[in-house]
Each structure stands twice: as structure tokens, then as C-alpha cells.
Amino acid sequence: QGVCCSRSVARSLFGRGSCSALIVVRIVALMALRVYPGTAVNESGAREMAALRRDALRAGATGHYDADDLATLLESVTAAYYLKLPATFRVILYLDCQHSDDSEFLTGFAVVGTRTRRLTCLYVHPDHWRRGVGRALLESTLPWIGTVDGTLNASPFFAACGLERAGDILCDIGPRKVKCVRFILSERSQAVKRQHEAAEEADVDKRRQS
């Protein structure tokens with residue numbers, strides 16, 4: 001069922017120091033998309049994200065990789081990675097907030113480098129696959145990305161979202177080189193990206209006028 005926590009606790013999972021300001025909140029059919037700077041992730045948030053990522057890898061990558069490569073992928077997931085994200089990175093959370101007990105579930109997240117233009121993480125808890133969570137997260141990252149490197153099992157998802165497969169690559173993960181897939185933005189995804197950029201500019205203008 002994802003990572004359950006009260007709404008106040010959910011916010012505290014991603015609040016650290018003076019850089020913890022929430023950048024964007026979007027409510028989509030009782031789901032909340034929240035965007036934070038990379039430096040906002042604290043220890044609790046990092047642990048929750050790492051746990052969700054491992055659950056998603058176990059459920060999705062099994063059968064696409066041999067036992068050694070799968071073990072390498074899982075061992076590479078650490079909370080420390082998320083604690084070291086710079087301010088130029090964005091962490092996008094997808095939260096299920098449709099519970100009468102004032103609880104939220106962390107159903108998925110994405111991490112993108114605004115300067116590197118790379119999507120470094122996009123994971124959805126297996127219980128929430130095929131519900132539009134991954135697509136919503138991906139579309140939220142489009143203003144910042146140029147290339148996407150994903151595991152083999154993620155290839156159908158990125159293709160279904162309109163990205164173009166650029167070819168297979170070998171990624172250095174721990175002591176091994178693991179086969180992954182590189183995608184680039186297609187004309188369709190570029191159009192969605194321009195729509196997001198236009199909406200973002202409109203929001204900035206609106207805030208300036210208020």
C-alpha cells in the first residue's frame with residue numbers, strides 16, 4: 001500500500017533546514033504532486049524513498065536481469081544518495097491523499113537534475129502501477145529533462161509515454177556494468193514539455209502580479 005503517514009509527517013519527511021521550501025503543489029484527483037529542492041530530503045524521507053525504490057525494483061526488474069545484476073541494482077539503492085542531492089535537483093512526490101483518517105501514501109517519486117537535464121530516478125510502488133502515477137511523475141519532470149536512462153523493465157513504460165528509444169547502454173552500478181536503456185524526448189513529449197514550460201511561465205507571471 002505504499003508508505004503511509006499523516007499529512008504533517010509526510011511534509012516533515014521532506015523538510016530540512018532553510019532549503020526545505022515546497023516549490024509546487026498540484027492536486028490531481030485527490031492525489032498530490034509536490035516538488036521540493038534536492039536539499040529538502042531529510043533522513044526519514046531518504047529511507048522511505050530508498051525502500052520504495054527497492055520494492056519497485058524487486059517487483060519490476062526480476063526476470064529482466066540475472067541474479068547477480070539484480071542483486072547489484074538492489075545493493076546500489078541507499079538512503080545516503082538522497083541525502084546528498086544538491087539544490088539544483090528536484091524531488092517530485094506523488095501522494096495519495098484520499099483517506100478519511102488524514103493519512104497519505106507515498107505512491108511514487110522522481111528525481112531530476114535541472115542542470116544535468118537527466119532524470120535520475122522514477123519509481124512507483126508496485127501496488128500503484130497502471131494507475132497513471134508514473135506518467136504524471138514523468139510529465140512533471142519534462143521541463144528539466146533531455147535524456148532518460150532506465151532499467152530494461154522500464155522500457156515499455158517510457159515508450160508508452162512517448163519517449164524515443166536511443167539505444168542500449170551499460171551503466172556503472174557498483175562493481176558491475178549493468179545493461180540499461182537510453183531514451184530521448186520525442187516530438188510528442190517535446191510538445192508536452194512546451195506546454196509545461198508555458199504553464200510554469202504563466203504561474204510565475206501570476207505570482208509577480210499578485
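Which element gives the most to the lining of the largest pocket? Strand β6 does, with seven residues. This is a predicted model, and the legends below walk through it one close-up at a time.

**Figure 1. Here is the whole protein, with its seven helices and nine strands.** Of the 210 residues in the protein, 46% are buried. Take the contacts with a separation of 6 or more: 65% of them come from residues 24 or more positions apart.

**Figure 2. This view shows the largest pocket, which holds about 1200 Å³ of space.** Its lining takes in 39 residues, and L122, Y123, T151, A154 and F158 lie nearest the centre. Two or more lining residues come from each of α2, β6, α5, β7 (147-151), α6 (155-160) and β8. As for what kinds of residue they are, the lining divides into 22 nonpolar, ten polar and seven charged.

**Figure 3. Next comes the largest nonpolar core, a group of 32 residues.** Y82, F109 and V111 have the most contacts inside this core. Many parts of the chain chip in: β3 (31-37), α2 (43-61), α3 (67-75), β4 (89-96), β5 (103-113), β6 (118-124), β8 (164-173) and β9 (176-184) each supply at least two residues. Helix α2 gives the most to this core, with seven residues. Apart from it lies another core, made of 24 residues, including Y94, V133, I145 and A154. As a bit of background, nonpolar side chains in soluble globular proteins tend to be buried together.

**Figure 4. Now zoom in on Y82 and the residues it touches.** Leaving out residues up to four places away in sequence, Y82 is in touch with G38, V41, A46, M49, A50, R53, F109, V111 and C121. Two of these, F109 and V111, are named alongside Y82 as having the most contacts inside the largest nonpolar core.

**Figure 5. Helix α5 is largely enclosed by the rest of the structure, because seven of its nine residues are buried.** Which residues of α5 are the buried ones? They are V133, G134, A136, L137, L138, S140 and T141. One of them, V133, also belongs to the core of 24 residues. Helix α5 is among the elements that give two or more residues to the lining of the largest pocket, too.

**Figure 6. This close-up picks out T141, a residue of helix α5 (residues 133-141).** Is T141 buried or exposed? It counts as buried, because its relative accessibility is 0%. A polar atom of the T141 side chain sits 2.7 Å from the backbone oxygen of L138. Setting aside neighbours within four places in sequence, T141 makes contact with I92, A110, V112 and L119.

**Figure 7. Helix α3 is shown here with its buried residues and its N-terminal cap.** D69, L70, T72, L73 and L74 are the buried residues of α3. What covers them includes α2, β7, β8 and β9. At the N-terminal end, D66 caps the helix: one of its side-chain oxygens lies 3.2 Å from the backbone nitrogen of D68.

**Figure 8. A59, in helix α2, is the focus of this view.** With 40% relative accessibility, A59 counts as partly exposed, because that value falls between the 20% and 50% cut-offs. Not counting residues up to four places away in sequence, A59 touches P126 and W129. N153 is 94 residues from A59 along the chain, yet the C-alpha atoms of the two are separated by 9.9 Å.

**Figure 9. The last view brings together two arginines with positive phi, R117 and R130.** For background, most residues other than glycine have a negative phi. Phi of R117 is near 60°, and phi of R130 is near 60° as well. Where do they sit? R117 lies in the loop between β5 and β6, while R130 is found in the loop between β6 and α5. R117 counts as partly exposed, at 31% relative accessibility. R130 is exposed, with a relative accessible area of 82%.

Note on methods. Residues are numbered from 1 along each chain as its sequence is written. This is a predicted model: local features need pLDDT of at least 70, side-chain atom pairs count only at pLDDT 80 or more; totals for chains, interfaces and linings use all residues. Side-chain values use heavy atoms; hydrogens and water are left out. A nonpolar core is a set of buried Ala, Val, Leu, Ile, Met, Phe, Trp, Tyr and Cys residues joined through side-chain atoms within 4.5 Å. Buried means under 20% relative accessible area, exposed over 50%, partly exposed in between (1.4 Å probe, protein chains only). Helices (H or I, at least four residues) and strands (E, at least two) are DSSP runs, numbered from the N terminus. Contact means heavy atoms within 4.5 Å. A polar contact is a pair of N or O atoms within 3.5 Å; within protein, one must be able to donate a hydrogen and the other to accept it, and residues adjacent in sequence count only if both atoms are side-chain atoms. On a 1 Å grid over the protein atoms alone, a cavity is a set of points where a 1.4 Å probe fits but cannot get out, and a pocket is an open set with protein on both sides within 12 Å along at least five of seven lines; lining residues have an atom within 4 Å of a point. Grid points are joined across faces, edges and corners, and a volume is the space filled by probe spheres set on the points. Ala, Val, Leu, Ile, Met, Phe, Trp, Tyr, Cys and Pro count as nonpolar, Asp, Glu, Lys and Arg as charged, and the others, Gly among them, as polar.
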